[in-house]
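Thanks for coming. I have one structure to go through this morning, and I will keep to the architecture.

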Amino acid sequence: MKLQLVFAPPEAPHQFGEMGEQINPPLGILYLAAYVRKFFPQIEISIVDGLLQGYQKTIDNIEKFGPDIIGISFYTPTASSALRLATRVKEAHPSTMVLLGGAHATSLPEDCLENSKADALVYGEGEETLREIVGLFLKNSKVNDFPWADIAGVYRRHQGKVTANPPRRFIPNLDDIPFPARDLVDMRDYSGYYLYKSKPQTLMIMSRGCPANCTFCSKKVWETSTPKIRVRSPKNIADEIEHLKKEYGIREVFDNGDEFNNHLANAKDVCRELISRKLDVDWMTLVRAVPLDDELVELMARSGCWCAGLGIESGNPEALKGICKGI
């Protein structure tokens, strides 16, 4: 069986980095690939970063690979292109299962299915949902007879209407998710974030979820289940950084979780673990203004953190109250 995961490209060529191409690999689909591979090591998995490859090369890769299941992940700037791509694949290969997912798909699931010929849409956290779909497909590969009604975390078509299945419960222990399958892309294609202290630099995610309820934030889209906040263990985080340094020569990582200090005790333990490992890898992260005590700041600096994006939003107490910032 062949599984192909595609980060959708725009149809129009992009030349000025406006889509963020060549900065970081598509961690979302690399996490999916790693999780599925953990349970089904026998299947063949292909990753296509459409932002990097462009539209025509993406089509060529799909045709060459010939997937049994294709998952198309996308965000809003490439949504129209992604939906047309899904329809194109489905019309050319009716027996191929076509799935939609990602930020835009989770935001507007009904619209995405109504405007494409995809078989189903995975919303919210996708690892466990995709694992279940692949497992069922291996038992019965008939797309037209697939038991969509039994699968949590999907939108599907039922009696001519788009129907939402119950949400999938989040994976409670993030350490159960393998590191992203970066071996399925060429890490040399990605330069890292434009702001850096050391090169090569790459992205990682140390936690999922946020305790805040700021009115302006898009995180509500992802709060499809519980637990609301999950943090990786200090050992697991340090192991990934060590892996990145050993396998890819990475000298700096950018933690792109919602905020590093959403669990103060764990954040301090992460720093202590990095200090004790002496990995000599710089890192960046994002933090909330609270809780942020002197001890954590000192530990972050000692462990190699040189830059932290601080969410302040406003110096006006009324504005902070109005956006429910909680500080």
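**The sheet and its helices**

Let me start with one pair: Lys2 stands opposite Glu44 in strand 2. Strands here are DSSP runs of E with at least two residues, helices are runs of H or I with at least four, both numbered from the N terminus, and two strands pair if DSSP finds at least two bridges between them. This is a predicted model, where local features need pLDDT of at least 70, side-chain atom pairs count only at pLDDT 80 or more, and totals for chains, interfaces and linings use all residues. Residues are numbered from 1 along each chain as its sequence is written, and side-chain values use heavy atoms, with hydrogens and water left out.

Strand 1, residues 2–7, runs parallel to strand 2, and 6 bridges join them. They belong to an open sheet of 7 strands, ordered 2-1-3-4-5-6-7, with mixed pairing. Strand 2 (44–49) and strand 7 (161–164) are at the edges with a single partner strand each, so one side of each has no neighbour in the sheet. From one strand to the next, the twist averages 25°; axes are lines fitted to C-alpha atoms, for helices over the stretch in contact, with angles from 0 to 180 degrees between N-to-C directions.

Now the helices. Helix 4 (residues 79–92) lies across strands 1, 3 and 4, at about 170° to strand 4. Contact means heavy atoms within 4.5 Å. Helix 7 (residues 127–139) lies across strands 1, 3, 4, 5 and 6, at about 175° to strand 4.

Overall, the protein chain has 11 helices and 13 strands.
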